[in-house]
Amino acid sequence: MRSPTLPAASESVVEATVLPRLIRIGPNLCVAAFTLMKLLPARFMLDRAEQRGELTPDTTVLETSSGTFALGLAMVCRLRGYPLVIVGDPAIDPALRRRLGELGARVEICTEPSPNGGFQQARLDRLEEMRARYPDHYVPGQYHNPDNPNAYAAVAEQLAETVGAVDCLVGPVGSGGSTGGTAAFLRLLQPRMRLIGVDTSPSTIFGQADGPRVVRGLGNSLVPPNVSHDAYDEVHWAGAAEVFRATRELHARHALYMGPTSGASFLVARWYAEHNPDAQVVAFLPDEGHRYQETVYQDEWLAERGLLGTPTAAAPRTVTDPRDAVGGWARMRWRRRSLDDALRDAGLPGTGAPGEER
C-alpha cells in the first residue's frame, strides 16, 4: 500500500507558522487563528528591506513595541543574524522580556510617559535617540510602513483559495495592517465585502480621547498612519468584561487558547454571523494565549479588577458619536469614511495630522 505524500519540512519555525490555521467554528463563521500574527509583517518587512539593500549583516534593527511585533521581529532577527534593539515600556511583562532576551534582543524600557502621547510618544522619542547611537540601522516602522499591510496579501490569497467568497472580515485594529491590508486584496475580487474593525475604549484610533485601557493589545494613544479608516464599514469598541469572557469561551467551547485581541474579534464576529446567517464571516485571531495564563485565564486576576462575574452585554449598543461608545460594547456604522469625515458627521472637529505608534 502506498504511503501518502507528506509535505516537506519547513525551513524554520517562522516559515512553519507565518500563516494562520483556518478553522470553521460555526455554520457561517471561520477563524484565521495565528500562532503569532506579527511574524508575517516582521518577515515581510525584513525581506523587502534586504531586497532594497537597507539590511546588511552589520545593520542593527531598531523598533518600538511593547507586544507581539517585538517578539515577531526577535524571532526573525535571531534566525537571520541581525542585532535587534526594542524600545518598549512597562507593558512588556517579565516573561516577554525574558523571551526577547533569550532571542538576543536588547530591550530599552521607557519608564516615564510623555506629557503628550503617553508611553507611545516617549518610545518614539527614545527611538530617535537610538538612531544616533546606531548609524547603521533599519527601522521597520510597523505603524507607517506600507510593507505592513502589503504583507497580508498572502493571507488574502489563502482565504480566497480555502474559504472562497468572504462576505465579512472581522479583526482587531492596532497598526491597521492586518484588517486593512487583507481587505484591500480581498476586495480586488469582492468589492462589496464588509470590513469590521474591533477596538476598545478609550482609544484614539476611531476618534475617542485617549485614556487608560484594561484590554492589552487593543487601543492606541496616537492614530497610526497605516490605519485606512475609509476601508471600514463598521467599528466596534469591545468592553473589557465582554472581551475577557469571550476569550475564555473561545477556549472552553472551541479549544482555541488565544489572547484577548482574539477574544474581542470572536465576540464581534460571532454576533455578526448569528445576525447574518447568509453571510460567510471570517474572524482574525492574532495570537495564542500563553502570555495571558496569569491574567485573562486566572479568576483571581479578573476578580481583583472587578471583572469576574460582571454582567456582560449580549449585543452591542449602536452609537453615532465615538464618544458615546466609551464603556461596554458599542458599534458605529463607519460607512468607509475617513476619520475626519466621520468625526465631522458626528459634530466633532477633525483630527489634524495623525500620529503613530501604539
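1. Let's start with one pair of residues in the middle of a sheet. In strand E8, glycine 197 is the bridge partner of glycine 171. Before going further, please keep in mind that this is a predicted model. The two strands involved, E7 and E8, pair in the parallel sense, and 5 bridges hold the pairing. Glycine 197 also has a partner in E9, where it stands opposite valine 235. Strand E9 covers residues 234-237, and 4 bridges join it to E8, with the two strands running parallel.

2. Now step back to the whole sheet. In what order do its strands lie? The order is E1-E2-E10-E7-E8-E9-E12-E11, which makes an open sheet of 8 strands with mixed pairing. Strand E1 (21-26) and E11 stand at the edges with a single partner strand each, so one side of each has no neighbour in the sheet. As a general reminder, the strands of a sheet pair through backbone hydrogen bonds, and the pairing can be parallel or antiparallel.

3. The E1 end of the sheet is a good place to see both kinds of pairing. E1 and E2 run antiparallel and are joined by 5 bridges. A hairpin links E1 to E2 through 2 residues. One of the matched pairs here is isoleucine 23 with its bridge partner in E2, valine 31. On to the next neighbour: E2 and E10 pair in the parallel sense, again over 5 bridges. Here you can find alanine 33 opposite leucine 285 in E10.

4. How many residues of strand E2 are buried? The strand spans residues 29-33 and is mostly covered, with 5 of its 5 residues buried. Try following the side chains along E2: Leu29, Val31 and Ala33 point one way, Cys30 and Ala32 point the other way, and all are buried.

5. Strand E7 can be read in a similar manner. It is largely enclosed by the rest of the structure, because 5 of the 5 residues of E7 are buried. Cys168, Val170 and Pro172 point one way from the strand, while Leu169 and Gly171 point the other way.

6. Helix H8 is worth finding next. It runs over residues 177-186 and is mostly covered, with 8 of its 10 residues buried. The buried ones are Gly177, Ser178, Thr179, Gly180, Gly181, Thr182, Ala183 and Leu186. What covers them? The cover includes helix H6 (147-150) and helix H7 (153-162), along with strands E7 (168-172), E8 (194-199) and E10 (281-285).

7. Turn now to strands E3 and E4. E3 (residues 60-64) and E4 run parallel and are joined by 4 bridges. Glutamate 63 stands opposite isoleucine 86 in E4. E4 itself takes in residues 84-88 and is mostly covered, with 5 of its 5 residues buried. Leu84, Ile86 and Gly88 point one way from E4, and Val85 and Val87 point the other way.

8. Two helix contacts share helix H3, and they make a nice exercise. Take H2 (residues 39-51) and H3 to begin with: they pack at an angle of about 45°, with their axes 8 Å apart. H2 and H3 are therefore oblique to each other, and their crossing is right-handed. From H2 the contact uses Leu39, Pro41, Ala42, Arg43, Met45, Leu46, Asp47 and Glu50, and from H3 it uses Phe69, Gly72, Leu73, Met75, Val76, Cys77 and Arg80. By type, the residues of this contact are 10 nonpolar, 1 polar and 4 charged.

9. The other partner of H3 in this exercise is H4. Helix H3 (residues 68-80) and helix H4 (residues 94-102) pack at about 15°, and their axes are 9 Å apart. Angles under 35 degrees count as roughly parallel, so H3 and H4 are roughly parallel to each other. The crossing is left-handed. Ala70, Leu71, Ala74 and Arg78 of H3 meet Leu96, Arg99, Leu100 and Glu102 of H4. Sorted by type, the contact has 5 nonpolar residues, no polar ones and 3 charged ones.

10. Finally, have a look at a loop residue. Is glycine 309 buried or exposed? Glycine 309 is exposed, since its relative accessible area is 71% and residues over 50% count as exposed. You will find glycine 309 in the loop between helix H11 (299-304) and strand E11 (317-318). Its C-alpha atom is separated by 8.7 Å from that of alanine 241, although the two residues are 68 residues apart along the chain.

Definitions and conventions:
Residues are numbered from 1 along each chain as its sequence is written. This is a predicted model: local features need pLDDT of at least 70, side-chain atom pairs count only at pLDDT 80 or more; totals for chains, interfaces and linings use all residues. Side-chain values use heavy atoms; hydrogens and water are left out. Axes are lines fitted to C-alpha atoms, for helices over the stretch in contact, and angles run from 0 to 180 degrees between N-to-C directions. Angles under 35 degrees count as roughly parallel, over 145 as roughly antiparallel, 65 to 115 as roughly perpendicular and the rest as oblique. A crossing is left-handed if the near helix is turned anticlockwise from the far one by less than a right angle, and right-handed if clockwise. Contact means heavy atoms within 4.5 Å. Ala, Val, Leu, Ile, Met, Phe, Trp, Tyr, Cys and Pro count as nonpolar, Asp, Glu, Lys and Arg as charged, and the others, Gly among them, as polar. Buried means under 20% relative accessible area, exposed over 50%, partly exposed in between (1.4 Å probe, protein chains only). Two strands pair if DSSP finds at least two bridges between them.
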